[in-house]
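User: I am new to this structure and should like to be led through it by questions and answers. Please begin once the sequence and the structure are shown.

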Amino acid sequence: MSAEGRSVSILGVTGSIGQSTMLVIEELRAQGVDIPVQAVCAGRNVDALADACRRMRPRFAALADETLLEEARAALAGLDIEVAAGASALVEAAARPADWVMSAIVGAAGLAPTMAAVRRGALVALANKECLVCAGPLMLAAAAASGARLLPVDSEHNAIFQVLTHPQRVDKLTLTASGGPFRTSSQEAMAAAKPEQACAHPNWSMGAKISVDSATLMNKGLELIEAAYLFDKPEHQVDVLIHPQSIVHSLVHYQDGSVLAQLSAPDMRTPIAYALAWPDRAGISSPRLDLATIANLSFETPDEDRFPALRLAREAFRAGPSRVAALNAANEVAVADFLAGRIGFLDIARITGETIAHLEGAEAGLIAKTPSSFDEVAAVDQAARHAARRIAVSLAAA
Ligand SMILES: NC(=O)c1ccc[n+]([C@@H]2O[C@H](COP(=O)([O-])OP(=O)(O)OC[C@H]3O[C@@H](n4cnc5c(N)ncnc54)[C@H](OP(=O)(O)O)[C@@H]3O)[C@@H](O)[C@H]2O)c1
């Protein structure tokens, strides 16, 4: 099986990953590869959704925001595309019978649509790490039951997926991290950092939320949890290494002393193309690696005192799935507040940590229980968002 004839849907088509996915599809189509698109969806960007529809020609397009339905219908008039809006429309986009579904909505908002693709046994290209982070055991159980295959798109997990030849012979996994824009910044500079500085990633061009997560290193914390779930490893067998050049995307250490890594230029089209053509490979025009020009690849240990989000994520994973769902939800609230200018950069990890500590006291039963349903995940998520908002308001007022 290759990308030829594989029908696809793209959840989060208007975002950074959605755009890269369309570029890969367009390039393969130009080579004569038939890739019909079933459905696309987005949050509220009607113009970008209309552009995606003109390029992809899906049968179905959905927007999260119901108030924009008529505007979307007008923008897509004449394209012969069914248009819908609201939470159920997003789920329908994923439930339509595409072989391969790109899950690239940002945040826990992607959980219900992604699960619709998982439940019908699709190949699910997983860019959205938050949905696996907040409901890992339930999502993996659903995939095992339906036969769905989760294809990691996050460059680090995609790298491991590519070189994981002998899963039973693994000593440990190493996730690389660029270190983000504040890798060498002082504590004072980070305290004063503005959203545009936090979003100025040195190597990758990404959406605002993941850019801020990369700056706090919460992205790597979420990825650590994602790797532990995807590759069935305990947290102490997953470590993180700062690698400022973002060329080595991750490494697998085997029990015979061999270490296998995947290298490529930092361009998301490479892991997306790998997931789309899997188990084959596609030919695409992402930049070629010129190691002689790069000359030096460097590595360093992350500083968990300056970037406490990484430690918070590790601790949450050790404590259980509800702590992880709470961590994710609190971080989403804090990042949104930071992007809106309501709190400072260092407050993001603080709010996340204080939210978990609060729930451990006030909602001890909820947070100690392993969720047995998606409703229970949603209850933890809502409790954490509520607490995080309250803590953020009191911090902003202080
Ligand atoms: N960008 C990368 O290089 C990269 C790499 C690895 C993993 N990821 C992961 O991939 C996911 C997407 O990242 P991104 O950088 O592409 O983000 P992004 O550029 O911010 O795009 C987010 C997408 O989600 C849609 N969206 C936002 N809120 C929504 C909602 N409530 N319901 C439905 N759709 C909603 C947006 O639609 P509108 O445009 O209409 O708002 C957009 O299509 C994240 O989980 C991220 O961690 C990204």
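User: Leaving aside neighbours within four places in sequence, with which residues is S185 in contact?

Analyst: The model is a predicted one. In it, S185 is found in the loop between β8 and α8 (187-191). S185 counts as buried because its relative accessibility is 17%, and buried means under 20%. Apart from neighbours within four places in sequence, S185 is in contact with M190 and R306.

User: What distance separates the C-alpha atoms of S185 and R306?

Analyst: Along the chain, S185 and R306 are 121 residues apart. They are nevertheless in contact. The separation of their C-alpha atoms is 9.5 Å.

User: Is T176 buried or exposed?

Analyst: T176 is found in strand β8 (residues 170-177). Leaving aside neighbours within four places in sequence, T176 is in contact with E156, K220, L241, H243, V248, H249, S250 and L251. The relative accessible area of T176 is 5%, and the cut-off for a buried residue is under 20%, so T176 is buried.

User: Which residue has its backbone oxygen 2.7 Å from a polar atom of the side chain of T176?

Analyst: The contacts of T176 include V248, H249 and S250. The partner that supplies a backbone oxygen at 2.7 Å from a polar atom of the T176 side chain is V248.

User: Which residue in β9 stands opposite T176?

Analyst: Strand β8, which holds T176, pairs with β9 in the parallel sense over five bridges. One of the residues in contact with T176 is L241. The residue of β9 that stands opposite T176 is L241.

User: Which strands stand at the edges of the open sheet of four strands?

Analyst: The order in this sheet is β9-β8-β10-β11, with mixed pairing. Each edge strand has a single partner strand, so one side of each is left without a neighbour in the sheet. The strands at the edges are β9 (238-242) and β11 (259-263).

User: What angle does the direction of helix α11 make with that of β8?

Analyst: Within the sheet, neighbouring strands are turned by 20° against each other on average, direction ignored. Helix α11 (residues 218-230) packs on the sheet and touches β8 and β9. The direction of α11 makes with that of β8 an angle of about 155°.

User: What is the order of the strands in the open sheet of seven strands?

Analyst: The pairing in this sheet is parallel. The edge strands, each pairing on one side only, are β4 (82-85) and β7 (149-152). From one strand to the next, the twist averages 15°. The order is β4-β3-β2-β1-β5-β6-β7.

User: Which residue is the bridge partner of V40 in β3?

Analyst: Strands β2 (residues 37-42) and β3 (residues 60-63) run parallel and are joined by four bridges. In β3, the bridge partner of V40 is A61.

User: Which helix gives the most to the largest nonpolar core?

Analyst: The largest nonpolar core has 94 residues, and those with the most contacts inside it are V118, I225, L327, F345, I348 and I351. With 10 residues, the helix that gives the most to this core is α15 (residues 321-339).

User: What is the radius of gyration of the protein chain?

Analyst: Buried residues make up 57% of the 398 residues in the chain. Along its principal axes, the C-alpha trace spans about 55 × 50 × 40 Å. A compact globule with 398 residues would have a radius of gyration near 21 Å, which agrees with the value for the protein chain, 20 Å.

Methods:
Residues numbered from 1 in each chain as written. Predicted model: local features only at pLDDT ≥ 70, side-chain atom pairs only at ≥ 80, totals over all residues. Heavy atoms only, no water. Helix = DSSP H or I, 4+ residues; strand = E, 2+ residues; numbered from the N terminus. Buried < 20%, exposed > 50% of the residue type's maximum accessible area, 1.4 Å probe, protein only. Polar contact = N/O pair within 3.5 Å; in protein donor to acceptor, adjacent residues only side chain to side chain. Contact = heavy atoms within 4.5 Å. Core = buried A, V, L, I, M, F, W, Y, C linked by side-chain atoms within 4.5 Å. Pairing = 2+ DSSP bridges. Axes fitted to C-alpha atoms, helices over the stretch in contact; angles between N-to-C directions. Rg over C-alpha atoms; globule rule 2.2 N^0.38 Å.
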